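Let's go through some salt bridges and buried residues together, asking each time how the label is earned. Keep the picture open while you read.

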Amino acid sequence: MKHTISVLVENKAGVLARIAGLFSARGFNIDSLAVGETQDPSISRMTIVVKGDNAVVEQVCKQLNKLIDVIKVQDFMGKDFVGRELILVKVSVDGKTRHEVLQIVEIFRAKIIDIKTKSMTIEVTGNDLKVNAIFDMLRPFGIKELSRTGRIAIARG
Amino acid sequence: MKGAEILLDCFKKEKVEIIFGYPGGAVLDIFDLLYKSDIKYILTRHEQGAAHAADGYARATGKTGVCIATSGPGATNLVTGIATAYMDSVPMVAITGQVPTRMIGNDAFQEADITGITRPITKHNYLVKDVDELPHILKEAFYIANSGRPGPVLVDIPKDIQNAVTRKKYPDRVDIRSYKPTYEGHLRQIKKSAELIAKAKKPLIYAGGGVIISGGSREMTKLARKMKIPVTTTLLGLGSFPGTDPLSLGMLGMHGTKYANLAIQSADLLIAIGARFDDRVTGKISEFAPHAKIIHIDIDPTSIRKNVNVDVPVVGDVKKVLVELNKCVKAGKTESWVKKIAEWKKKYPLKYAKKGMLKPQFVVEKIWELTKGDAIIVTEVGQNQMWAAQFYNYINPRTYISSGGLGTMGYGLPAAMGAQVGCPDKLVFDIAGDGSIQMNIQELTTCVLNKLPINIIILNNGCLGMVRQWQELFYGGRYSSTVLNTKGPHGKKGITYCKDGKCHSYLPDFIKAAEAFGADGIRVTKESEVIPALKKAIKSKNTSVLEFIVKPEENVFPMVAAGASLSEMIESMA
Ligand SMILES: Cc1ncc(C[n+]2csc(CCOP(=O)(O)OP(=O)(O)O)c2C)c(N)n1
C-alpha cells in the first residue's frame, strides 16, 4: 500500500537524517520526499510517500512521533487530502514533432518553459494520474531528462 | 561564561553526583575545570567502562548517569554503552568532545561523526554549533534523558565551543513543544481494565522493567496482593514484585520457570505492565498467551501493538496508571487459579543436579542465603545472567541489574562499579562468566583505586557457556570458538598452554590477574568452600574476585528454543 505521510518537524539540522533513518533501518525505500518551510519558519513540513504494509507503516508513524524533533505526524491513507507534484521534463523534438508535443502540452494545461531546436522543457503540475498520463504521452518522442519534486500534500477542509 | 564552564554549571544545577570519564585532546578544557571544581569524577580505564558505569549508577539509583569522552575513538568507545542504555531505557547523558567547528567534516585528527553514529541508539542527540545554544541544549538533554521513557542523550561539543563565551544562562525550565510524554492514563481505558480484571478467572500480571523505572513496584504489589493476581516478570522486571511472595512466578520466557510459562499459556487475562513483548519473552508470538485478553500499560505508545494485539491499551506512566487502577478495581474469582499455580510451583520447581563438580547454581543459591535479597546483583551476559535470575529471589526494585535488551558482555563489572558508587552502603555483586569478565576486566583497577568493595563472582566454566549450550543443543555439539580453557569442556581437546614444564588448563589465572590489579582473589572448587569464601569477600573492604571453578557443561534449563512456543519447554538434556 502506498502511504502519503505528512510530518511537521523542527526546522533544524539533522532532522532529515533522523526521519530517513527510521525508514532505511527497516529497508523501506522512500518513493518520494519533499521538504519545505511552513507558514512558521521554525517548522518544516515533510511529505513522504512510501510503500509498505499498513501495520508496519503505522508503527513507523508512531516512531516518527517519538522523535524529539517531530511535532506532528499524519498518514493520509484513507483520508481526504489533496496531493500534487511538479515535474520538469525535457523532450526531444524536431520540426515534425514539435507541433504534436505543443498540442499535448495544451491539452494537459502544462507549460513550456524552455525551447531549443532539438528539445523542449515542459513543466507539469498535478496529481499522480495527470502527471503519469502526460508523461506516457510524451515518452514516445524521447525523454532526455526528468526531474520531479515528489508529492506534497495537505488535508482538505 | 565559557562553554566548558556552562557544562560544569549544568552539572551543579542538575545535581550530578558523579561523572565517569576518560580524557583526551578534545575535552582537555572540561577536565581542566573538573580538576579545579568539587564535582566528583572517576577516571575509568576504558570509555566503554565509563558508559556502563554511568548506566549502572543510573539503574541502581534512578538518577541520570553521566559520562564524558574525547572525540573520535573516545566517542566511538562509548557506543556499546550507549546502545546498552538505549535498549533498556536507562537515563544517561553522554558528553563528547569534538574537533573544532571549522574542521568538522574534513577528516580532522580524531574526528568521528558521533551524532551520526549514535542517532539510532540515543533517545536524542545534539551537535552544538553555537555556544549560545549550549545552555538550553544541556538543559534539554538532562530533561529528555530522565523523563517519559528514559534513555541516553549525547551532546557533542566541539573544542572551540568549549572555549567560546556566552552571556546565556543555564535555564531553570525547559519546554519542548515537540516532546510531551503522556503520564496520565486515560480514565476510560483504566475503567475498562478494571472491568476485565473483575471478570477474569485466571488473570496474570506480566511485569517488565518499566514498573521499576516508574517507581510503580509498590502499587503493582498492592494490586496483585489485593486482587489475588499472580505475577511473572521479565529479566529486567525482577525485583518489581517480591520473589518470595507466594504469588510470584519468577521470570517467564526463554529461560523462565515452567510455572510462569504454563501460567502465560493458560491465563484468560494478561496484564502487561511496563513490558514490551520482547521475542525472548514471548517465544513464538502467534502462540503466546493464546487464551488471554491483554491489557497493556506502558508510557511508550510505540511499545503498544508493536508485537501483539492488545485489547485494552493504556498509555501512561505505570505508577500513575496503577494508582488510578487500584482505586477502581474489584477482585475477580481467582482462588482456584491461585491454587493451581501453587500446585505448579510445587510440581515444577527450578532444579539442577547436585552431583559431580561444583555447580554454578549452587553458588548463586549461597549468595541468596547469605544476603536474602539485601544486595545489588549485577550480571554479565550468558548463563551466569540466567542463573543469577533464576536462583536468587529479588525482593526490591533496582536490585537486579543486567543488560537485557542488548545483552552486552562486559557490562557487569563497570555497571557494578557504577551501582556501588550510587549506593555506597549496599553490598554489590557482579555475577560473571569467564568470557564476559575479560571484556572489561581493566575496570578492576578503577574499583580498587576508588575503594569500591564490589564482589566479582566468576562462574568459571571454561567456555562461552551460553553459546556452547546452543551448540550442544542445536549444532551437534560442535564447540566452534566457545572453548576458553585449555582442556576444553568434557575433555575435548582445547588449546594447551604449557610453561616451565607445567600445563595449565585455565587461562588467564584470574587470581593472579585480580592480585595484579590490586584486588583480592579467592579460588573455590568445592561446595564446602563457597560460604567461607563469600563471607570473606563480603567482609573485605577491598574489591574481591571470587573464581568458582564450576562444571563446564552445565546448561540453563528450562529453555524454550528461539522461535518456539512457550508451551515447548526443554527441561533437561534428553
Ligand atoms: C559483546 C558480546 N559479544 C558476543 C555475545 C554473544 N554471547 C552471548 S552469551 C555469550 C557467552 C558468554 O560467556 P561467559 O561470559 O563465559 O558466560 P557463561 O555463558 O559461560 O555464563 C556470548 C559469546 C554477546 N552477548 N555480547
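Q: How many salt bridges does a search of the whole structure find over all chains?
A: The search finds 39 of them. A salt bridge here is a side-chain nitrogen of Lys or Arg within 4 Å of a carboxyl oxygen of Asp or Glu. Please keep in mind that this is a predicted model, where local features need pLDDT of at least 70 and side-chain atom pairs count only at pLDDT 80 or more, while totals for chains, interfaces and linings use all residues. Residues are numbered from 1 along each chain as its sequence is written, chains are lettered from A and ligands numbered from 1 in the order in which they are written, and side-chain values use heavy atoms, leaving out hydrogens and water.

Q: What makes Asp300(B) and Arg149(B) a salt bridge?
A: Their closest N and O atoms are 2.7 Å apart, and the cut-off is met because a salt bridge asks for a distance within 4 Å.

Q: Why can we say that this pair ties together parts of chain B?
A: Asp300(B) sits in the loop between strand 11 (293–298) and strand 12 (312–315), and Arg149(B) in the loop between helix 6 (134–145) and strand 6 (152–158), so the linked parts are 151 residues apart in sequence. Helices (H or I, at least four residues) and strands (E, at least two) are DSSP runs, numbered from the N terminus.

Q: Is Asp300(B) buried or exposed, and how do you know?
A: Asp300(B) has 2% relative accessibility, so it counts as buried. Buried means under 20% relative accessible area, exposed over 50%, and partly exposed in between (1.4 Å probe, protein chains only). Its partner Arg149(B), at 22%, is therefore partly exposed.

Q: Why is the pair Lys284(B) and Glu287(B) called a salt bridge?
A: The closest N and O atoms of Lys284(B) and Glu287(B) are 3.3 Å apart, which means that the pair meets the definition. Lys284(B) is partly exposed at 36%, and Glu287(B) is partly exposed at 32%.

Q: What about the side chains of Arg523(B) and Asp509(B)?
A: They meet in a salt bridge, with 2.9 Å from N to O. Arg523(B) is in strand 19 (residues 520–524) and Asp509(B) in the loop between strand 18 (502–504) and helix 20 (510–516) of chain B, 14 residues apart.

Q: How do you know whether Thr121(A) is buried or exposed?
A: Its relative accessibility is 10%, so Thr121(A) counts as buried. This residue belongs to strand 7 (residues 119–126) of chain A.
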